[in-house]
Amino acid sequence: MLYLLQSLRGKQRSVGSYFYWNPTSGSDAKDGTTPSNAVATFAQAQTLASAGTGDTIFCMATSATGTTTVTETLNITKANLKVMGPGHTFQLVPTSTTGPTVTIGAANVEVSGFYISTAGTGSQNAITVTANNAFIQDNWIATVRGHGISVSASSKTNIDSCVIEHCGG
């Protein structure tokens with residue numbers, strides 16, 4: 001059933017392995033293959049995924065406050081990777097001012113279902129795309145010091161159903 005539902009979502013139709021990222025109660029010592037074995041960081045989830053196979057990283061919002069806020073930046077370097085959040089309850093708000101909140105540097109990457117902001121200082125973008133065929137969908141991008149989404153050296157980037165507001169770039 002999960003395969004069927006996943007195959008109907010997004011732009012990339014290939015379905016690879018599933019990995020779970022839970023920054024609240026995950027552990028990078030786990031294998032990330034089930035919600036109860038979720039990893040704690042995006043970096044570890046991406047390490048477990050394979051490039052070019054259509055793997056998906058599901059982001060779990062499990063904070064007792066109702067909103068899970070992540071302070072790490074996402075540097076997506078594996079082709080055909082899907083990174084899927086549950087919506088505004090999973091917020092990417094980094095503390096680092098050295099790079100964009102999300103960098104898509106590999107082809108055929110999908111990013112969906114997040115609230116994305118930037119650090120309170122600096123001039124970084126929320127999302128920077130430098131690879132072909134990126135698909136950015138159902139994100140709320142707000143309170144950004146730079147551009148909401150910056151696309152350069154990329155062709156066929158698709159941005160769908162995103163709210164982009166209060167950007168300084």
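**Close-up views of a strand-rich predicted model**

**Figure 1. The whole chain has the radius of gyration expected of a compact globule.** A compact globule of 169 residues would have a radius of gyration near 15 Å, and the protein chain comes in at 15 Å, so the two agree. Keep in mind that this is a predicted model. The C-alpha trace spans about 40 × 35 × 25 Å along its principal axes. DSSP-style bookkeeping gives two helices and 15 strands for the protein chain. Of the 169 residues, 45% are buried. As for contacts between residues at least 6 apart in sequence, 59% of them link residues at least 24 apart. The protein chain shows about 7,400 Å² of accessible surface, with 51% of that belonging to carbon and sulfur atoms.

**Figure 2. Strand 2 is covered on both faces.** Here we look at residues 56-59, which make up strand 2. In a regular strand, side chains alternate between the two faces of the sheet. On one side of strand 2 sit T56 and F58, on the other I57 and C59, and all of these are buried.

**Figure 3. Strand 1 pairs with strand 2 in the parallel sense.** Strand 1 covers residues 18-21, and four bridges tie it to strand 2. For a landmark, find W21, which stands opposite C59 of strand 2. To get from strand 1 to strand 2, the chain passes through helix 2 (residues 42-48), making a right-handed β-α-β crossover. That C59 partner of W21 is also one of the buried residues of strand 2.

**Figure 4. Strand 2 also pairs with strand 5.** Strand 5 takes in residues 82-84 and runs parallel to strand 2, with three bridges between them. Look for I57 here: its bridge partner in strand 5 is V83. I57 itself is buried, on the side of strand 2 that it shares with C59.

**Figure 5. Five strands form an open sheet with parallel pairing.** Reading across this sheet, the order is 3-6-9-12-15. Strand 3 (68-70) and strand 15 (163-167) are the edge strands, each pairing on one side only.

**Figure 6. A closer look at strands 6 and 9, which run parallel within the open sheet.** Strand 6 is residues 90-92 and strand 9 is residues 115-116, and two bridges hold the pair together. The residue to pick out is L92, which stands opposite I116 in strand 9.

Methods: Residues numbered from 1 in each chain as written. Predicted model: local features only at pLDDT ≥ 70, side-chain atom pairs only at ≥ 80, totals over all residues. Heavy atoms only, no water. Buried < 20%, exposed > 50% of the residue type's maximum accessible area, 1.4 Å probe, protein only. Pairing = 2+ DSSP bridges. Right-handed = clockwise from strand over helix to strand, strands pointing away. Rg over C-alpha atoms; globule rule 2.2 N^0.38 Å. Contact = heavy atoms within 4.5 Å. Areas by Shrake-Rupley, 256 points an atom, 1.4 Å probe, with all protein chains shown as cover.
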